[in-house]
Amino acid sequence: MTTDQQPPVTASLQVGEKDSPLERRLDRELTAFNADATGAGEPAPLSVRVTDSAGELVGGLTAWVWGSCCAVDMLWVREDQRHAGWGGKLLRAAEEESARRGCAEVIVSSFTFQAPDFYRGHGYRETGRTEGIPGGHQDVHFHKVLEPPLPADPFSP
C-alpha cells in the first residue's frame, strides 16, 4: 500500500430490493464523476408525449441528453395505436429536439422481441448484441448520426 492509499473500512454488505436512497446517491456520485471525466456536464432529461382528445396517453418516449449524445430509455405506443405512425413521430421529435440541444448522435437498445426493425427503418445502425436475455432473446444496440438542425430562416416571420 502506498502512502496515499487509505486502508479499507470495516463495513457490512446488504442485498435487498429497490433502494431509492441508494439509487439517488449512486446517480449523484456517478453523474459527478462522469461530468468531471468528460467535461460534458450533467445529463438533461428529454420526454415526448402523445395524448388523445380525451387526454389519455397514446404513447411516449423518455431519454436523456449528455454532451453530444441522446440516449433513448423508453419508447412505447398504446396497443390500439401501434402501426399508426406514432412511434416514428415520437422518435423524430426526440431526434429533432436532441439535435436542437446540440446532439450529434442517438443511441438506443431494443430486445429482439420488441422493435429492432423499427429502429433500422428509421436509420439506426446496429452496433452490437447482448446474448442470453431470458427466453433466448437478445438486446440489440443501435446508433444513429443526426443531421444538424437547419438554421432559422431569417426571412420568415
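**Exercises on a six-stranded sheet**

Valine 106 stands opposite lysine 144 in S6. The exercises below start from this pair and work outward through a predicted model.

**Exercise 1.** Find the strands that flank S4, and state in which sense S4 pairs with S6 and in which sense with S3.

Solution.
Step 1. Locate S4 at residues 105-111 and S6 at residues 137-145; the two pair in the antiparallel sense, over seven bridges.
Step 2. Check the register on this side. Glutamate 105 has valine 145 of S6 as its bridge partner, valine 106 faces lysine 144, and valine 108 stands opposite phenylalanine 142.
Step 3. Turn to the other side of S4. Strand S3, residues 69-77, pairs with S4 in the parallel sense over three bridges. Here cysteine 70 is the residue opposite valine 106.
Step 4. Trace the connection. From S3 the chain passes through helix H2, residues 86-100, before it reaches S4, and this β-α-β crossover is right-handed.

**Exercise 2.** Place S4 in the sheet as a whole: what is the strand order, and which strands stand at the edges?

Solution.
Step 1. Write down the order, S1-S2-S3-S4-S6-S5. The sheet is open, has six strands and shows mixed pairing.
Step 2. Look at the two ends. S1 (44-51) and S5 (125-133) each have a single partner strand, so one side of each lacks a neighbour in the sheet.
Step 3. Add the twist, which averages 20° from one strand to the next.

**Exercise 3.** Sort the side chains of S4 by the face to which they point, and say which set is buried.

Solution.
Step 1. Recall the rule: side chains in a regular strand alternate between the two faces of the sheet.
Step 2. Apply the rule to S4. Val106, Val108 and Ser110 point to one face, and these are buried.
Step 3. Glu105, Ile107, Ser109 and Phe111 point to the other face and are not buried.
Step 4. Put a number on one member of the second set. Phenylalanine 111 has a relative accessible area of 26%, which makes it partly exposed because the limit for buried is under 20%.

**Exercise 4.** Describe how S5 and S6 are joined and paired.

Solution.
Step 1. Establish the pairing: S5 and S6 run in the antiparallel sense, with six bridges. One of the bridges sets glycine 128 against histidine 141 of S6.
Step 2. Examine the turn. Three residues lie between the strands of this hairpin, and glycine 135 takes a positive phi near 90°.
Step 3. Inspect a polar side chain in S6. Glutamine 138 lies in this strand and is buried, at 17% relative accessible area. Its side chain makes a polar contact of 2.9 Å with the side chain of glutamate 131.

**Exercise 5.** How many aromatic pairs does the structure hold, and which rings form a cluster?

Solution.
Step 1. The count is four.
Step 2. Classify the pair of phenylalanine 111 and phenylalanine 113. The centres are 5.4 Å apart and the planes differ by 5°, a stacked arrangement. Phenylalanine 113 is partly exposed at 48%.
Step 3. Classify the pair of phenylalanine 118 and tyrosine 119. With 5.0 Å between centres and 80° between planes, this pair is edge-to-face. Phenylalanine 118 is partly exposed at 23% relative accessibility, whereas tyrosine 119 is buried at 6%.
Step 4. Follow the ring pairs: they link Phe118, Tyr119, Tyr124 and Phe142 into a cluster. Phe142 is also the S6 residue opposite valine 108.

**Exercise 6.** Where does lysine 89 lie relative to tryptophan 86, and is serine 98 buried or exposed?

Solution.
Step 1. Lysine 89 lies over the face of tryptophan 86, 4.6 Å from the ring centre.
Step 2. Serine 98 belongs to helix H2. Its relative accessible area is 0%, so serine 98 is buried.
Step 3. Look for a polar partner. A polar atom of the serine 98 side chain lies 3.0 Å from the backbone oxygen of glutamate 95.

**Exercise 7.** How far apart in space are leucine 57 and arginine 28?

Solution.
Step 1. Place leucine 57 in strand S2, residues 57-66; at 34% relative accessibility it is partly exposed.
Step 2. Leucine 57 and arginine 28 are separated by 29 residues in sequence and by 31 Å from C-alpha to C-alpha.

How values were computed
Residues are numbered from 1 along each chain as its sequence is written. This is a predicted model: local features need pLDDT of at least 70, side-chain atom pairs count only at pLDDT 80 or more; totals for chains, interfaces and linings use all residues. Side-chain values use heavy atoms; hydrogens and water are left out. Two strands pair if DSSP finds at least two bridges between them. Helices (H or I, at least four residues) and strands (E, at least two) are DSSP runs, numbered from the N terminus. Axes are lines fitted to C-alpha atoms, for helices over the stretch in contact, and angles run from 0 to 180 degrees between N-to-C directions. Rings of Phe, Tyr and Trp (its six-membered ring) pair if their centres lie within 6.5 Å; planes under 30 degrees apart count as stacked, over 60 as edge-to-face and the rest as tilted. Buried means under 20% relative accessible area, exposed over 50%, partly exposed in between (1.4 Å probe, protein chains only). A charge sits over a ring if NZ of Lys or CZ of Arg is within 6 Å of the ring centre and within 35 degrees of the ring normal. A crossover is right-handed if, with the strands pointing away from the viewer, the path from the first strand over the helix to the second runs clockwise. A polar contact is a pair of N or O atoms within 3.5 Å; within protein, one must be able to donate a hydrogen and the other to accept it, and residues adjacent in sequence count only if both atoms are side-chain atoms.
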